[in-house]
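Trainee: Could you take me through this model and make me defend each term as we go?

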Amino acid sequence: MLLTGVLGWPIGHSRSPAMHNAAFAAAGIAGVYVPLAVKPSALSPALAGLVALGFRGCNVTIPHKQAVIPYLHRLTDTASAIGAVNTIIIDGEKMLGDNTDAAGFWADLQAQEMAPPSLQQEGALILGAGGAARAIAYALANHGIPITILARRRQQGEALLTALHPYLPPGVSTACAPWSALAQMAARHQLIVNCTPVGMVPHPSTSPWPQHLAFLPRQMVYDLVYNPETTQLMRQARAHGARVSNGLDMLVHQGALAWSLWTGQPAPVQVMRTALR
Ligand code: NAP
């Protein structure tokens, strides 16, 4: 039996078990994915317990994504660059930390044809400078796309870029701007990615984008928020003819990549998408 799960606190709300267990069933693999509610104070014994019980690995979510790092034997370059782990692969006694958020986002961007060659010139505007923004900035800049981070605390944006730079290809353009520069920055980027929680349930009528500020029809807006499935930001962008996506399929792809790391098989992405919904 292939044992996997998701480690977080609280974890009862997670839709990941449905997604991964459906994938095991569809692939005919005797595997199980369980929610693992672990208090911050119990992180160390919980990880040792997974190894002792013969788990193949687990996902890691809030509040443990950074806290697990000291307990792992090795990190992938991606996890080091992002400074957070969302997937652990256990091989015997050894725990490897990886992060599939960046690759999951990039996979979805490509699947939706939202990464045209023109993006290499026009670049992306990233709203927010937290954990998700770092994964998105890494994914885009690593593919040669110029990025501007818009942070309400500019220091946070600058710290993000400083941490990321050693892992980026030479010559890729990165910048940081204060939140007050949003209107000025708006039209200069072809892709806008919302990496703030603004617009999420229980505040679905809010948006990080000012009501009066237009979008250009050639712009694309990717909202990492997926609850509600259509956010206020997506409605605003659509009203101006811009293309939009929520973050649901990023969630599917990051899960599919983790599932493949544990099983060594291509993931049944469509089955996982259906189960998640
Ligand atoms: P986080 O680490 O808390 O970062 C949130 C960022 O947004 C911070 O820079 C924060 O600034 C900024 N922010 C918050 N409220 C703001 C506001 N009113 N105006 C301007 N900036 C604001 O959170 P995270 O883990 O990066 O997650 C961000 C969002 O992405 C969440 O909604 C999460 O659910 C979503 N997400 C989705 C996926 C997916 O697979 N689709 C994956 C990861 C995350 P301060 O630090 O100043 O508050």
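Mentor: Start small: which residue in strand 8 is the bridge partner of leucine 125?

Trainee: Threonine 148. Strands, like helices, are DSSP runs numbered from the N terminus (strands E, at least two residues; helices H or I, at least four).

Mentor: Before we go on, this is a predicted model: local features need pLDDT of at least 70, side-chain atom pairs count only at pLDDT 80 or more, and totals for chains, interfaces and linings use all residues. Residues are numbered from 1 along each chain as its sequence is written, and side-chain values use heavy atoms, leaving out hydrogens and water. Now, how do you know that strand 7 and strand 8 pair?

Trainee: Pairing needs at least two DSSP bridges between the strands. Strand 7 (124-127) and strand 8 (147-151) have four, in the parallel sense, so they qualify as a pair.

Mentor: And what order do the six strands of that open parallel sheet take?

Trainee: It reads 9-8-7-10-11-12.

Mentor: What makes strand 9 and strand 12 edge strands?

Trainee: Strand 9 (174-178) and strand 12 (243-245) each pair on one side only. From one strand to the next, the twist averages 20°.

Mentor: Where does helix 7 lie on that sheet?

Trainee: Across strand 8 and strand 9, at about 170° to strand 9. Angles like that run from 0 to 180 degrees between N-to-C directions, with axes fitted to C-alpha atoms, for helices over the stretch in contact. Contact itself means heavy atoms within 4.5 Å.

Mentor: Stay with helix 7: why are helix 6 and helix 7 called oblique?

Trainee: Their axes come within 11 Å and cross at roughly 45°. Under 35 degrees counts as roughly parallel, over 145 as roughly antiparallel, 65 to 115 as roughly perpendicular, and the rest as oblique. An angle of roughly 45° falls in the rest, so helix 6 and helix 7 come out oblique.

Mentor: Which hand does the crossing of helix 6 and helix 7 have?

Trainee: Right-handed. The near helix is turned clockwise from the far one by less than a right angle, whereas anticlockwise would be left-handed. Helix 6 (131-142) brings Ala133, Arg134, Ala137 and Tyr138, and helix 7 brings Leu160, Ala163 and Leu164.

Mentor: How many residues of each class are in that contact of helix 6 with helix 7?

Trainee: Six nonpolar, no polar and one charged. The scheme puts Ala, Val, Leu, Ile, Met, Phe, Trp, Tyr, Cys and Pro as nonpolar, Asp, Glu, Lys and Arg as charged, and the others, Gly among them, as polar. Arg134 is in the contact, and it counts as charged because Arg is on that list.

Mentor: Nice. Now the other sheet: in what order do its six strands run, with mixed pairing?

Trainee: It is also open, in the order 2-1-3-5-6-4. Strand 2 (31-37) and strand 4 (74-75) are its edges.

Mentor: How do you know that strand 4 pairs with strand 6?

Trainee: Two bridges join strand 4 to strand 6 (94-98), running parallel. The rule asks for at least two, so the pair counts. Leucine 75 stands opposite glycine 97 of strand 6.

Mentor: What packs on this sheet?

Trainee: Helix 1 (16-27) lies across strand 1, strand 2 and strand 3, at about 165° to strand 2. Helix 10 (248-263) touches strands 1, 2, 3, 5 and 6, at about 5° to strand 5.

Mentor: Why are helix 1 and helix 10 called oblique?

Trainee: Their axes come within 10 Å and cross at roughly 50°. That value lands outside the named ranges, so they are oblique. The crossing is right-handed. Among the residues that meet are Met19 and Phe24 of helix 1 and Trp259 and Trp262 of helix 10. The contact divides into eight nonpolar, four polar and no charged residues.

Mentor: How is the chain divided into domains?

Trainee: Domain 1 is 2-99 + 250-276 and domain 2 is 103-246, with bounds from an automatic or database assignment. Their C-alpha centres are 26 Å apart. Twelve residues of domain 1 contact 16 of domain 2.

Mentor: Last one: what makes the tryptophan 9 to proline 10 bond worth flagging?

Trainee: It is cis, with omega near -5°. Most peptide bonds are trans. Proline 10 sits in the loop between strand 1 and helix 1. The asparagine 227 to proline 228 bond is cis too, with omega near 10°.
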